Amino acid sequence: MEKLEDIIYLKQFVKQHPDNKMGWYLLGKHYLQAGKESKANYCFIQAGDIYEAFEQETHPLAEQQLEELKEWNKQQKKKRLVWKIVLAAIPLLLIALLLPLNPFWHKEHQDTAPAPADKNAPGLGVVFVPQKEGKPIGYAMNAIVAAGGVAPKQSLAVRLEEKEGWRQWNGHSRFLLSSTKEASGNRAALSMLDRDSCVCEPGDTSGVKKLFAKWREEQEMHWTLASGIHQYYRLYGKWPQKLDDLIRPYPHNVLSGEGEGMKEWFPYVLAKLKDKQASNGKAEQGSDGQGSGNKESQPGNAIGTNGIYQQDWSKPLEIVIDVSNYRLAVVQDKMVVRSYEVGLGGERTPEGNFYISEKVRDPNGTDDGMFGSRGMTLSGTLYAIHGTDEPDSIGKDESLGCIRMKTADVEELFDMVPLGTAVKIKNGTLPSDAKPPAERFKLEPQQNETNPAKVYQWLT
């Protein structure tokens, strides 16, 4: 949005939520950018301690001016309250007089009641704050305020551990703040959780840690489900109608089974991805062809299927293989979700862009042969990601070009990434190590994913 649109939106917001200090602070910042210093100062006074927390200083106005403005504001609030009471009394009086004459009022009132919120909409929202962000609290609050009414009931701002430009999904999590909507929905209770970010005495994070851990488990299932829907659309040119469309027998096994909650989440996730694609199409049609700059990992007002605030929440899972340090990672945008040590073939392993064109369970009818228990063909070639009966070759260049994995690793990967997943083989792009997850990701198989009609001859 342009600055004028921002100001108009925020003016409307603070009128509806006069006690929201963050709204006043953001409006003041926009007025300041527009050169309207007096209006900016007035807004900053309404922001109170939020201004001091963000700017890390008291407001520059003199104490006398502050008191005068506060007193003037108090009088204005009293005047507005009187007028609200007078104006509110008129329609109430009319309603009291007219209701007895309208026997159908109760039915009409019920018909126009707002629809209940989707029960599968996220109850927790998460803002991932980059390590390089100098004002982490402002970054997080901007995202939450911009989301407005679609923001989940509770939101967390989290800083994840970063290595070589990649966020570590299973690394250390640093909690910055928690925002919880009050029952009325008009106000939110803020709790600062990080001493360095707020320069304050932080709140207790024990409950937040448990909440985030549960959310993180669900998020992995959401990523796989959303990625499966995305790849189905890319492969077949149409949206799936039900979860079973993704879980079919070989060779159409987009997903390798069903995970907890997937069936219930499917309609909501599908609707969100359709909306995202439609909004992206409109943005492209309105573009001047020059692009709008790199907006990766920026917070926006489009909340993800499981509460992620970043604009790139809908990017599907991908596989990145770094031949320089024998690592294969499952990534989402700039997040390393999983990282495994693999065996390669040196110069015989090709660099470039591929995709998973085939997923097969127990290649050549066995789970302990040279290809192990799982295999994933790359772009219809003789190269594949598969298991191995030579576990000592992991971390070495002993294959003829394929990517070898340990049994537990390849089985987890097989479940996590759908058919059609992009695979990028590069030199020097991933961190050399990563913390393993607390528990393995697993889907419950529903269909036959073997292929007894073919003898596989991958370049093992």
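Helix α9, spanning residues 206-236, supplies the largest share of the lining of the second largest cavity in this predicted model, contributing 5 residues. That cavity encloses about 80 Å³ of space. Its lining comprises 14 residues, and those nearest the centre are Q219, W223, A226, T305 and W313. By class, the residues around this second largest cavity divide into 6 nonpolar, 7 polar and 1 charged.

The second largest cavity belongs to a set of 4 cavities of 30 Å³ or more held by the structure. The largest of them contains about 110 Å³ of space. Around this largest cavity stand 12 lining residues, with F128, R167, Q332, D333 and M335 lying nearest its centre. The lining of the largest cavity is made up of 5 nonpolar, 3 polar and 4 charged residues.

Attention may now turn from the cavities to a single residue, N451. This asparagine is located in the segment that follows strand β14, which covers residues 422-426. N451 has a relative accessibility of 13% and therefore counts as buried, the cut-off for that class being under 20%.

Which residues does N451 contact, once its neighbours within four places in sequence are left aside? They are Y250, E358, V360 and Y456. A further spatial relation links N451 with D362: the two are 89 residues apart in sequence, whereas their C-alpha atoms are 8.3 Å apart in space.

Key:
Residues are numbered from 1 along each chain as its sequence is written. This is a predicted model: local features need pLDDT of at least 70, side-chain atom pairs count only at pLDDT 80 or more; totals for chains, interfaces and linings use all residues. Side-chain values use heavy atoms; hydrogens and water are left out. Helices (H or I, at least four residues) and strands (E, at least two) are DSSP runs, numbered from the N terminus. Buried means under 20% relative accessible area, exposed over 50%, partly exposed in between (1.4 Å probe, protein chains only). Contact means heavy atoms within 4.5 Å. On a 1 Å grid over the protein atoms alone, a cavity is a set of points where a 1.4 Å probe fits but cannot get out, and a pocket is an open set with protein on both sides within 12 Å along at least five of seven lines; lining residues have an atom within 4 Å of a point. Grid points are joined across faces, edges and corners, and a volume is the space filled by probe spheres set on the points. Ala, Val, Leu, Ile, Met, Phe, Trp, Tyr, Cys and Pro count as nonpolar, Asp, Glu, Lys and Arg as charged, and the others, Gly among them, as polar.
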